[in-house]
Amino acid sequence: MRNDLIIIDDYCSHCHIEPDFVMMLGEDGLIDVEVKDNISYFPADQLAELERYTHLYYDLSINIAGIDAIRHLLNRMEEMQNEIRRLQNELRFYK
């Protein structure tokens, strides 16, 4: 059994957001949601992502599809930055 789960209702009441928002993120695969004994949880290691998505949704009024697109673009950008670092290291090796 995992000990690093956060109860969605507790998190949402603490942060003043709707549990349905977190459940929508789970349905769209943006975060993992687990249900045990009628209580919904998300992994603690996804807390930073959930906070980012909450900011996008509530503060910037970006819908779930937009959040998914932004997540995809940020992941792609990170992959490209890693590739640039790898190529720079390779260039340094040959200099």
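Helix α4 takes in residues 64-94, and its length can be checked with simple arithmetic. At 1.5 Å a residue, its 31 residues should span 45 Å, and the end C-alpha atoms are indeed 45 Å apart, so the expected and modelled spans agree. Keep in mind as you look around that this is a predicted model.

Let's begin where the helix begins. At the start of α4, N63 points a side-chain oxygen to within 3.3 Å of the backbone nitrogen of A65. The buried residues of α4 are I64, G66 and I67. What lies over them? The cover on these buried residues includes α2 (19-27) and α3 (47-59).

Now follow α4 onward to its charged side chains. Side chains of opposite charge can pair when their charged atoms come close. One such pair is D68 with R71, a salt bridge whose closest N and O atoms are 2.7 Å apart. Why does the spacing of this pair suit a helix? An α-helix has 3.6 residues a turn, so residues three or four places apart point the same way. D68 and R71 are three residues apart in α4, which separates them by about one helical turn. As for their surroundings, D68 is partly exposed, with a relative accessible area of 30%, and R71 also counts as partly exposed, at 27%.

Further along α4 you will find E83 and R86, whose side chains meet in a salt bridge with an N to O distance of 2.7 Å. Here again the two partners sit three residues apart in the helix, about one turn. Salt bridges that share partners extend this pairing, joining E83, R86 and E90 into one network. How exposed are E83 and R86? E83 has a relative accessible area of 36%, which makes it partly exposed, and R86 is partly exposed too, at 42%.

For another salt bridge, turn to K36 and E34, whose side chains meet with 3.7 Å from N to O. The cut-off for calling a pair a salt bridge is 4 Å between the side-chain nitrogen and the carboxyl oxygen, so this pair is counted. K36 is partly exposed, with a relative accessible area of 30%, while E34, at 21%, is also partly exposed. The limit for calling a residue buried is under 20% relative accessible area, so E34 falls in the partly exposed class.

How many salt bridges are there by this rule? The count comes to five, and the pairs described here, D68 with R71, E83 with R86 and K36 with E34, are among them.

Methods. Residues are numbered from 1 along each chain as its sequence is written. This is a predicted model: local features need pLDDT of at least 70, side-chain atom pairs count only at pLDDT 80 or more; totals for chains, interfaces and linings use all residues. Side-chain values use heavy atoms; hydrogens and water are left out. Helices (H or I, at least four residues) and strands (E, at least two) are DSSP runs, numbered from the N terminus. The expected span of a helix is 1.5 Å times one less than its number of residues. Buried means under 20% relative accessible area, exposed over 50%, partly exposed in between (1.4 Å probe, protein chains only). Contact means heavy atoms within 4.5 Å. A polar contact is a pair of N or O atoms within 3.5 Å; within protein, one must be able to donate a hydrogen and the other to accept it, and residues adjacent in sequence count only if both atoms are side-chain atoms.
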